[in-house]
Amino acid sequence: MLAAIEAEEREAEHHEASLRAAETWLAQQGLEAHRPERRGDGTYSVSLPPSAYGADGVPLTRVGSYTVRGSSFFHLWCPDENLRKRALLARLDLRLGGGRRATRADVEAYVDRLARQLDLTVPDLRRLRRGAENTGYKGLAAQLARLTGDQERG
């Protein structure tokens, strides 16, 4: 019985540390108006508006990921689906845009994983190529064109 009580106390301390880590991170980012929320699995999530992400804010590639602070972590989120779609392209560009070679199967598996992390419908590679072209990810668009067998548009 004593071991169960100690385990509960350790878990409560861990949750408190995660909450403090998220609050400290928010303050460091100038986003203290936002509050971490406890999720069903006991972890914390920080949901930020689209305006918090971008060149002068939180990197777009962080949407849907976990931020680790010491032994604590929390999830970064944005409820805006369009921003999450842009985050998918940004993260895919980090993986492929620099001319790195990958197989179609590897890219499709990575896109599937990213889409699930970002709570998006899994797009096909041609749709992603069009999105990359429209948002200025030229290297990514070229890689996706190669993988789909499409000619680059000039």
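What share of the 154 residues of the protein chain counts as buried? In this predicted model, the buried fraction amounts to 38% of the 154 residues. The protein chain exposes about 9100 Å², of which carbon and sulfur atoms supply 48%. Its secondary structure comprises five helices and four strands, and these elements follow one another from the N terminus in the order α-β-β-β-β-α-α-α-α. Among the contacts of the protein chain with a separation of 6 or more, 52% are made by residues 24 or more positions apart.

The interior was examined next. The largest nonpolar core holds 37 residues, and within this core Leu 48, Tyr 53 and Leu 92 touch the most other members. Two or more residues are given to this core by each of helix H1 (2-28), strand E2 (44-47), strand E4, helix H2, helix H3 (104-117), helix H4 and helix H5 (138-148), with H2 providing the largest share, seven residues. When residues up to four places away in sequence are not counted, Leu 48 touches Trp 25, Leu 26, Leu 31 and His 34 on the N-terminal side of its own position, and Tyr 53, Val 58, Leu 76, Trp 77, Cys 78 and Pro 79 on the C-terminal side.

A further set of contacts links helix H1 with strand E4. Ala 21 is placed in helix H1, and its relative accessibility of 12% lies under the 20% cut-off, so that Ala 21 counts as buried. Outside the residues up to four places away in sequence, Ala 21 touches Arg 69, Ser 72 and Phe 74. The pair formed by Ala 21 and Arg 69 is separated by 48 residues in sequence, whereas their C-alpha atoms are 6.2 Å apart in space. On the strand side, Ser 72 belongs to E4 (residues 72-77) and, with a relative accessibility of 4%, likewise counts as buried. Its contacts, with neighbours within four places in sequence left aside, are to Ala 17, Ser 18, Ala 21 and Thr 67.

Packing among the helices that follow the strands was then considered. The axes of helix H2 (residues 81-96) and helix H4 (residues 125-134) come within 10 Å and cross at roughly 90°, and the two helices are therefore roughly perpendicular to each other. In this contact, H2 contributes Leu 88, Leu 89 and Leu 92, while H4 contributes Leu 128, Gly 131 and Ala 132. Classified by residue type, the contact of H2 with H4 contains five nonpolar residues and one polar residue, and no charged residues. Leu 92 thus appears both in the contact with H4 and among the residues that touch the most other members of the largest nonpolar core.

The buried residues of helix H5 are Leu 140, Ala 141, Gln 143, Leu 144, Ala 145, Leu 147 and Thr 148, and they pack against H2, H3 and H4. Leu 144, which lies in H5, has a relative accessibility of 0% and accordingly counts as buried. Apart from neighbours within four places in sequence, Leu 144 is in contact with Leu 92, Val 107, Leu 125, Leu 128 and Arg 129. Of these contact partners, Leu 92 and Leu 128 also take part in the contact between H2 and H4. The C-alpha atoms of Leu 144 and Ala 132 are separated by 8.8 Å, the two residues being 12 residues apart along the chain. Just after H5, Gly 149 takes a positive phi of about 80°.

Two loop residues complete the description. Thr 135 lies in the loop between H4 and H5 and, at 39% relative accessibility, counts as partly exposed. Thr 135 and Leu 89 are 46 residues apart in sequence, and the distance between their C-alpha atoms is 8.7 Å. Asp 119 is found in the loop between H3 and H4, where its relative accessibility of 57% means that the residue counts as exposed. The phi of Asp 119 is near 55°, a positive value in a residue other than glycine. Most residues other than glycine have a negative phi.

Note on methods:
Residues are numbered from 1 along each chain as its sequence is written. This is a predicted model: local features need pLDDT of at least 70, side-chain atom pairs count only at pLDDT 80 or more; totals for chains, interfaces and linings use all residues. Side-chain values use heavy atoms; hydrogens and water are left out. Buried means under 20% relative accessible area, exposed over 50%, partly exposed in between (1.4 Å probe, protein chains only). Contact means heavy atoms within 4.5 Å. Accessible areas come from the Shrake-Rupley method with a 1.4 Å probe; for residues, only the protein chains shown count as cover. Axes are lines fitted to C-alpha atoms, for helices over the stretch in contact, and angles run from 0 to 180 degrees between N-to-C directions. Angles under 35 degrees count as roughly parallel, over 145 as roughly antiparallel, 65 to 115 as roughly perpendicular and the rest as oblique. Ala, Val, Leu, Ile, Met, Phe, Trp, Tyr, Cys and Pro count as nonpolar, Asp, Glu, Lys and Arg as charged, and the others, Gly among them, as polar. A nonpolar core is a set of buried Ala, Val, Leu, Ile, Met, Phe, Trp, Tyr and Cys residues joined through side-chain atoms within 4.5 Å.
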